[in-house]
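I opened this notebook to record a set of local look-ups in one structure. The entries follow in the order in which I made them.

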Amino acid sequence: KVCKKGYDEKATSIGFGGYKTTDKKEVKGVFYDFSVDSTVIADTPEEIFANAEISIPIEGLDTKDVGRNNRIKNSFFGTLESTEFMSGKIISFNRDSSTVKMELTLNAISKEVTLDYLVSGDTLSFDGKIDVFDWNASEALDALNEVCHALHKGPDGVSKTWSEVHLFVSSVVKEACE
């Protein structure tokens, strides 16, 4: 029996932050339902997740506000071409620059993005920003801004929904034996 480290679904979280108002106030949320496939048992988190594939059902979105959840699901995701899932795939880790390249698929469009990553003990974290306009989601963002118009007004009276989205992922690896 050889023991190394492996993926622990229960110790993994996937989150996001959207921005509203001209002051760029961040509203955070999580996806409580997702699957991660193609991980392996290995010595380092980078090796464990080197070819990982992530599937995220939109229905699993939670911002701790039922009304907000429904507006995001219906007005943003509901107006995209592919409304049921988002997905991602790890392409490569660059240990020298502490970055990870991923292919993210949203609105039936796959794009390569680069996020920062950090390994601290047994925890692997990703953090970075994307722009939904890169996935041709301007109409979806407009639809969201329309239903959130009053909620996205700042002290200046201007309603704004930003196209930039903050992504963050954290996973604690566990002992695994083959």
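**Entry 1: Phe85**

I looked up Phe85 and found it touching Ser55, Ile56, Pro57 and Ile58, with residues up to four places away in sequence not counted; contact here means heavy atoms within 4.5 Å. The model is predicted, with local features needing pLDDT of at least 70 and side-chain atom pairs counting only at pLDDT 80 or more, while totals for chains, interfaces and linings use all residues. Residues are numbered from 1 along each chain as its sequence is written, and side-chain values use heavy atoms, with hydrogens and water left out.

I placed Phe85 in strand β7 (residues 85–94). Helices (H or I, at least four residues) and strands (E, at least two) are DSSP runs, numbered from the N terminus. Phe85 has 38% relative accessibility and therefore counts as partly exposed; the scale is buried under 20% relative accessible area, exposed over 50% and partly exposed in between, with a 1.4 Å probe and protein chains only. From C-alpha to C-alpha, Phe85 and Ser55 are 6.7 Å apart in space, and they are 30 residues apart in sequence.

**Entry 2: Ile91**

I next checked Ile91, which is also placed in strand β7. Ile91 is partly exposed, at 38% relative accessibility. I noted Ala50 at 7.1 Å from Ile91, C-alpha to C-alpha, with their places 41 residues apart in sequence. Residues up to four places away aside, Ile91 touches Ala50, Lys101, Met102, Glu103 and Glu112.

**Entry 3: helix α2 and its partner**

How do helix α2 and helix α3 cross? I recorded that the axes of α2 (residues 66–76) and α3 (residues 138–147) come within 8 Å and cross at roughly 140°. Axes are lines fitted to C-alpha atoms, for helices over the stretch in contact, and angles run from 0 to 180 degrees between N-to-C directions. The two helices are therefore oblique to each other; angles under 35 degrees count as roughly parallel, over 145 as roughly antiparallel, 65 to 115 as roughly perpendicular and the rest as oblique.

I listed Arg71, Ile72, Ser75 and Phe76 of α2 as meeting Ala140, Leu141, Ala143, Leu144 and Val147 of α3. Sorted by class, this contact has 7 nonpolar, 1 polar and 1 charged residues. Ala, Val, Leu, Ile, Met, Phe, Trp, Tyr, Cys and Pro count as nonpolar, Asp, Glu, Lys and Arg as charged, and the others, Gly among them, as polar.

I found Asn69, Ile72, Lys73, Ser75 and Phe76 to be the buried residues of α2. Their cover includes β6 (61–62) and α3. At the N-terminal end of α2, Asp65 acts as a cap, with a side-chain oxygen 3.0 Å from the backbone nitrogen of Gly67.

**Entry 4: Asn107**

Is Asn107 buried or exposed? Asn107 is buried, with a relative accessible area of 10%, and lies in the loop between β8 (99–106) and β9 (109–120). I noted that the side chain of Asn107 reaches the backbone nitrogen of Glu81 at 2.6 Å. Neighbours within four places in sequence aside, Asn107 is in contact with Leu80, Glu81, Ser82, Trp135, Asn136 and Ala137.

**Entry 5: His166**

I looked up His166 last and found it in strand β11 (residues 161–172). His166 is buried, with a relative accessible area of 11%. The side chains of His166 and Asp127 make a polar contact at 2.9 Å; the term denotes a pair of N or O atoms within 3.5 Å, where, within protein, one must be able to donate a hydrogen and the other to accept it, and residues adjacent in sequence count only if both atoms are side-chain atoms. Among the residues that His166 touches are Gly15, Phe16, Gly17, Tyr19 and Glu26.
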